Amino acid sequence: MHPKTFRSTFVLPGMEITDVADDGTVIRLSVHSSSAVSRCPGCGSPSRRVHSRYRRRLMDLPAAGRTAQLTLLARRFFCDAVLCGRRVFTERFDPTILTPRARRTARLDKIIHHLGLALGGRPAAAMAQRLMMPVSNDTLLRVVRRQGSPKFVPPTVIGIDDWAWRRNQRYGTLICDLERRRTIALLPDREPATVQAWLEGQPQVSTVARDRGGGYAIATAKALPDATQVADRWHLMENASRAFLDAVRKSMKQIRVAVGATTIDPALLTAAEKLQYDGYVRREEANAAIQRLSKEGMSIREIVRRTGHSRGLVRKILRGQRSDIFRTRESSLEVHLPWLDQQWAAGHHNGADLWRRLRQQGFRGSLRVVAEWATRRRRADQMGAEALSRTPSARTIARFMTLGRDALTKAETVLVAAIEGSIPTLVDTRNVVADFQGMIRRKSLADLDPWLERAKGGLVASFANGINKDRAAVAAAITSPWSNGQTEGQITKLKLVKRQMYGRGKLDLLQARVIGVG
């Protein structure tokens with residue numbers, strides 16, 4: 001076949017084919033430059049004097065389902081410029097076609113780069129093999145690192161949040177351009193100094209959406225004192241719900257009195273529950289001892305010295321934040337208890353049989369959990385039904401009190417009514433939290449100051465104090481259209497990329513992939 005028949009987009013621009021060989025798996029093309037002139041990379045002077053020739057082997061995009069290999073007859077030229085330090089140079093090509101010392105054409109390198117961005121190392125290598133572009137996983141990662149992260153347009157509205165290198169141990173920071181909906185930077189930690197240094201290089205930023213943490217607030221205030229800080233609305237709603245849960249936990253002793261479960265009969269407890277109950281008794285004794293020492297006028301330092309407890313624990317007990325109750329955790333049987341009560345009333349008292357039937361309804365727990373329930377129920381039947389009275393967990397009570405009456409069973413409705421009738425402060429707290437969440441949803445800034453006055457003396461006083469300290473950012477969250485939701489979505493994508501690399505990707509590789517995929 002005559003070489004001129006190959007003059008198409010398949011042939012690299014500025015090159016001519018002199019020979020073609022096809023062995024069934026690889027297409028080998030012999031090519032050379034069609035230009036008689038090349039420019040010196042040192043001085044830019046054109047040269048026509050050829051010094052010598054050598055061969056370069058290059059990989060190119062596959063053709064007809066086969067790998068394509070180019071053998072380029074490259075030339076060396078003399079540089080005749082008097083002031084140039086080079087005497088001989090190799091001919092150069094357009095960087096969009098072939099870069100110096102490259103083993104792949106630029107168009108193949110671009111495809112490999114995008115494969116590395118999308119899939120990482122080994123998955124991309126397997127895909128490239130199927131596409132007839134054999135390349136190793138290490139080469140793919142080197143290409144991604146060499147290309148680096150694209151430059152970003154200086155943002156004016158950003159979102160900032162932390163992400164976990166390793167949960168509860170090490171964290172980084174992600175910065176998102178909220179207007180263009182893309183990640184623009186990853187920082188190696190979440191220290192205020194690191195964030196401040198990055199923000200100082202972006203003086204055009206006018207709005208910063210962030211979470212409720214104090215570190216980012218401090219960094220933003222120091223680096224961009226005129227920027228508007230916007231607290232994340234989702235975190236505000238979640239913090240309010242958690243504040244109500246904490247209020248329920250503080251009121252558990254009163255709740256036990258309200259539902260008639262102030263005493264616990266150890267004879268009704270299983271072996272696992274007895275261990276929990278013993279721990280509960282020890283904690284109650286420690287609480288009482290510390291409260292007694294405080295009433296005698298003893299300082300916190302002296303209480304810490306005498307009891308051996310930490311200063312933080314002593315403070316928590318004296319503030320009433322450790323009023324313990326027995327069995328605060330919700331059981332995996334919680335949602336199945338009505339069915340179990342019906343089966344027990346029908347005469348089905350075998351724990352193993354109940355467990356097998358419960359498994360058919362989707363229960364994922366072990367036989368031990370059901371057997372312990374059956375043992376406790378059997379003992380209660382022997383000692384009297386009134387001895388079985390128990391208090392649900394604080395989380396369950398908080399859920400019951402915030403659900404609509406139509407979503408509760410009759411027994412749950414009676415429980416909530418008993419609590420509401422006996423503990424009006426808890427009802428007021430629920431209303432305060434509901435009003436705060438409604439204010440966020442309605443974007444009603446005028447209600448913020450009255451709400452703060454109302455909440456600062458109740459069970460959610462600490463939450464209200466936090467809102468008051470961060471008042472400007474909370475007010476901006478109510479009125480501003482910006483939120484940190486986009487940033488949370490970008491962190492989800494970052495987690496996917498991180499796990500694709502088995503959690504071993506370094507910051508430059510993570511940043512290149514997250515920002516490059518865009």
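# Notebook: a strand, its sheet and some helices

I began with one residue pair: glycine 159 stands opposite alanine 209 in S11. I note here that I am working from a predicted model.

**Strand S8 and its partners**

I looked up the strand that spans residues 157–166, S8, and found that 8 of its 10 residues are buried. Strand S11 covers residues 207–210, and S8 pairs with S11 in the parallel sense over 4 bridges. With S9 the pairing of S8 is antiparallel, over 8 bridges. One partnership I wrote down there is aspartate 161 with leucine 174 in S9. S8 and S9 form a hairpin, and I counted 3 residues between them. Asparagine 168 sits in that turn and has a positive phi of about 65°.

**The whole sheet**

Next I stepped back to the full sheet. It is open, with 5 strands in the order S10-S9-S8-S11-S12 and mixed pairing. Which strands are at the edges? They are S10 (182–187) and S12 (228–231), each pairing on one side only. I also noted the turn between neighbouring strands, 30° on average with direction ignored.

I then followed S9, residues 170–177, to the edge strand S10: 5 bridges join the two, and they run antiparallel. Aspartate 177 has arginine 182 in S10 as its bridge partner.

Arginine 181 caught my eye in the loop between S9 and S10. Its phi is near 60°, a positive value in a residue other than glycine. For background, most residues other than glycine have a negative phi. Is arginine 181 buried or exposed? Its relative accessibility is 57%, so I have it down as exposed.

Arginine 181 came up again when I checked glutamine 490, which lies in helix H20 (residues 485–500). Glutamine 490 is buried, with a relative accessible area of 11%. Leaving out neighbours within four places in sequence, I found glutamine 490 in contact with Leu174, Cys176, Arg181, Arg182 and Thr183. Leu174 is a residue I had already met as the partner of aspartate 161, and Arg182 as the partner of aspartate 177.

**Helix H3**

I took helix H3 (residues 137–147) next and listed its buried residues: Thr139, Leu140, Val143 and Val144. Why do I place them on the same side of H3? They do so because they cover an arc of only 140° around the axis. The general pattern is handy here: an α-helix has 3.6 residues a turn, so residues three or four places apart point the same way. On the face turned away from the buried side I found the exposed residues Arg142 and Arg146.

What covers the buried residues of H3? The cover includes helix H1 (106–119), helix H2 (122–130) and helix H21 (507–517). Just after H3, I marked glycine 148, with a positive phi of about 70°.

**Around helix H1**

From that cover I went to H1, where alanine 106 is found. Apart from residues up to four places away in sequence, alanine 106 touches Pro95, Thr96, Ile97 and Leu98. I also checked alanine 106 against leucine 12: they are 94 residues apart along the chain, and their C-alpha atoms are separated by 10.0 Å.

In the loop between strand S7 (88–90) and H1 I found arginine 101. Phi of arginine 101 is near 65°, another positive value in a residue other than glycine. Arginine 101 is exposed, with a relative accessible area of 75%.

**The largest nonpolar core**

I turned to the largest nonpolar core, which has 60 residues; Val248, Leu426, Phe436, Trp451 and Ile467 touch the most other members. Helix H6 (residues 233–250) gives the largest share of this core, 8 residues. For valine 248, setting aside neighbours within four places in sequence, my contact list reads Ile255, Ala394, Ile397, Ala398 and Leu426.

Ile397 then led me to a helix pair. Helix H14 (residues 394–402) packs against helix H15 (residues 410–422) at about 95°, with the axes 10 Å apart. That angle makes H14 roughly perpendicular to H15. On the H14 side I noted Ile397, Phe400 and Met401, which meet Glu412, Leu415, Val416, Ile419 and Glu420 in H15.

**Last entry**

I closed with glycine 438, which I located in helix H16 (residues 424–442). Glycine 438 counts as buried, at 11% relative accessibility. Aspartate 60 is 378 residues from glycine 438 in sequence, and the two are 61 Å apart in space, C-alpha to C-alpha.

Key:
Residues are numbered from 1 along each chain as its sequence is written. This is a predicted model: local features need pLDDT of at least 70, side-chain atom pairs count only at pLDDT 80 or more; totals for chains, interfaces and linings use all residues. Side-chain values use heavy atoms; hydrogens and water are left out. Two strands pair if DSSP finds at least two bridges between them. Axes are lines fitted to C-alpha atoms, for helices over the stretch in contact, and angles run from 0 to 180 degrees between N-to-C directions. A nonpolar core is a set of buried Ala, Val, Leu, Ile, Met, Phe, Trp, Tyr and Cys residues joined through side-chain atoms within 4.5 Å. Buried means under 20% relative accessible area, exposed over 50%, partly exposed in between (1.4 Å probe, protein chains only). Contact means heavy atoms within 4.5 Å. The arc is that of the directions from the helix axis to the C-beta atoms. Angles under 35 degrees count as roughly parallel, over 145 as roughly antiparallel, 65 to 115 as roughly perpendicular and the rest as oblique.
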